[in-house]
Structures are given as structure tokens and as C-alpha cells.
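User: Hi! I'm new to this one, could you walk me through it?
Analyst: Happy to, let's put it on screen.

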Amino acid sequence: MRRLLVLVATLVWLLAGCAPATRVILLPDGPDAKPTAVVVSTDRGSQTIDKPYQSATVNAQGQVDSEQLRARDVRQRYPQLLAAQPPVSRSFTLYFKPGTSELADESAAQLATVLEQATVRDGGEVVITGHTDRVGTVESNDALSLRRAAAIRELVVKRGFDPTRVYAIGRGEREPVVPTADEVDEPKNRRAEVVVR
Amino acid sequence: MMHIRHVSAVSVRLLWGVLCALLLGVGAAMAQAASDTGAPQGDNRQGTFKTVQGEVVVERGGKRVPVSSGAPLMALDRIVTGPRSAASVILRDGTVLALGPDSSVNLAEFRFDPTTQEGNILISMAKGSLRMVSGLIAKLKPEQVKITTPTSVIGVRGTDFIVETHS
């Protein structure tokens, strides 16, 4: 009995002493992602982890170490945390009738899919980013891109979607699909990217 | 006396008329201003709750507010999850935060300009577990995204990772 008590006490002491104050684990990125890393620093040192499931641990004294974990152990250790991850976002590109903030016919039809997707998600949001070509000044294109995004936002809100979760953003001419010289009329760049998340 | 009362009734009616006109005018001006800016965010939310399981609250200005899916996360909010509880939030720049059970995480700083996609994030974690999949801010300037725990500072290089900490 006494031996058992000593054993339990030793185990508890060991676990308490070993449990790191902070642990950071790098997860693998999606298929399109570049290699990534996390840097963990304290007053006493620093560790960079850059392999999937590599882990940095910091003890109560601020000492930093690293170790390699296995995918299975990480899944078992954080079941609820991992299950809480929301589904990945979906993107749509909508086009406008030339020179207007009015959607082209096939894009108007796509809007129904956007709404459907946004409604089935828990706390679904619709993020609408307007883009322009490079005809006109940066300032006027910022305004035009925002008007285009706002026009789509209106449509989404009119169909009864919660207005606090629909955002209109103007990116102007900063993010062309087809890079061009200034003042070039490029229909592919006159668009709105709609992200449902 | 009667005369005076009559006059005052008329002037009260006039006053109401003027007030209503003013209110209408202010309302119209506000609607105008809102549509000028594309009427984006109805509230000043910095994030939106997605999954909410069990007992999840935000501490905001000294009050504890229970949250559900779709609820806003504001700057300076602290998210607190109970035992067997979990939550996830997407911040305005697309950063995804998930919290496991018994966690306490504070959005200490969040600034994001959606037009230029510049900003910064500082998350201060007291306890529990947190998963972060970084968004647009980290993509453009990873050095602008930091997480602190009582013992460490975590710098992000555009990543998906877990932080676990004990108080």
C-alpha cells in the first residue's frame, strides 16, 4: 500500500514537472501552401519549428525544447479543438455588364449558390471584394470597386441575409487577374470575388 | 389665457413638425452616408463566431456575454470556454481561431484595412488550447501577427498550428 502511494506520488510529481507550460505544434498546411514555420521565444531561448507535427515546448523556467510528434497522437490529444474547425471557405467570381454595377446574367444565377452556401454554415458570412481594370485613377477605381461590391451586397441583403454578416470591400486595381499596363481596358479584371465562410 | 393656450398648442404642433422634419433629414443623411461607404459592417465586429459547443462566453467591458454561432467578436474581447466546450471564430482578415475546452483567449489587438490588406493581430492566451490558421495579414506581413502565453511569444510565418498553455 505504502509502495503504491509512493509510486503514485512520484508519478504525479513527474507529470507535473514534465508537463510543459506551453506547447506549440505545427500542423501540415493545405496542398497549395508554401513551407511554413512558427517561432517560439522566451527570455531564455527560442525554437523554430518547420516540419508537420514538430512541437516546441516551454517549461515553467522558460526553457524551450523541440520534439517530433505523430499525427495520430495530436489527433487524440485535441479531439474537441480539431472538431471545432469551421469548413474551408468557398470563392466565387462574379462579372459585371460592361460599364455598370449590374451583374452579368450567369453571375446573377451564381448568386443563388452563394446564398445557399452562406445559409447552411454556422455563422456564415459573405465577403464581397470588388475589383476594377486600370482605366482611371487609383482613387476612382477604389470608389468604383466599392460601388460594385456594395451593389452585390444589396442583392444579398435584399434576399434576407443578416446584414451584419455581409461585407462590401473595394480593392480597386490592386489585384488584377490579368496584369496590364495602366489605362488598359480589361474585362476579366472588372469583377467581384465573393468568399463564403 | 385661452388665447395663450391656443398659441402654445399651435407652437407645440409646429415644434413637432420641425423636429420630425429634422429627424427625417438626419435619417436620410445617415442612410446616404451609409450607402456612400458601401454600408459595410453593421456593427464593429472584428470576427464572427462559427462553431459554438457547450458553454462559451466573451468577456466584454467587465460583462460576460454568452455567444452562439453568428455572434460578433469585438476588439479586446476575451473568449472563455468551459469544460467539454469549444468554439471557432473567423476574424475579418480570414484568420481562423479555434478554442478547445477550458480555454481563455483575448483578442488584445486587431487592426485590418480590407482595401490594402494591412494590419496587425495580437492574441494573448491565458490557458487552454488554441488552433490558428493565419489569414491575409500574416500572408502579407507575418511579423505583424503574434500570440503570447504566460511564458512565451509565438511568431507566425503563415501557418496552421496549435498552442496549448497552462496557467
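Analyst: We'll go through the contact between the chains, then a sheet, then a loop.
Analyst: This is a predicted model, where local features need pLDDT of at least 70, side-chain atom pairs count only at pLDDT 80 or more, and totals for chains, interfaces and linings use all residues. Residues are numbered from 1 along each chain as its sequence is written, with chains lettered from A and ligands numbered from 1 in the order in which they are written.

User: Cool. How many residues does the contact take from each chain?
Analyst: Chain A gives 43 residues and chain B gives 44. Two residues are in contact if their C-beta atoms, placed from the backbone, lie within 7 Å.

User: And which element gives the most on chain B's side?
Analyst: That's β12(B), with 6 residues. Strands here are DSSP runs of E, at least two residues, and helices are runs of H or I, at least four, numbered from the N terminus.

User: Does β12 pair with anything, and if so, in what sense?
Analyst: Strand β1 (residues 22-26) of chain A pairs with β12(B) in the antiparallel sense, over 5 bridges. Pairing asks for at least two DSSP bridges between two strands. In this pair, Val24(A) stands opposite Val163(B).

User: Switching topic: what's the strand order in the open sheet of chain A?
Analyst: The order is β6-β9-β7-β8, 4 strands with mixed pairing. β6 (90-95) and β8 (166-170) are at the edges with a single partner strand each, so one side of each has no neighbour in the sheet.

User: Which residue is the bridge partner of Phe92(A)?
Analyst: Val194(A), in β9(A). β6(A) and β9 (residues 191-196) of chain A are antiparallel, with 6 bridges.

User: Which strands does helix α4 touch?
Analyst: Helix α4 (residues 105-120) of chain A packs on the sheet, touching β6, β7 (126-131) and β9 of chain A, and its direction makes about 155° with that of β6(A). Angles run from 0 to 180 degrees between N-to-C directions, and axes are lines fitted to C-alpha atoms, for helices over the stretch in contact.

User: What about α5?
Analyst: Helix α5 (residues 138-158) of chain A lies across β6, β7, β8 and β9 of chain A, at about 165° to β8(A).

User: Last one: is Gly61(B) buried or exposed?
Analyst: Gly61(B) is exposed, as 8 other C-beta atoms lie within 10 Å. The cut-offs are 12 or fewer for exposed, 20 or more for buried and partly exposed in between, with C-beta atoms placed from the backbone. Gly61(B) sits in the loop between β2 (56-60) and β3 (63-66) of chain B.
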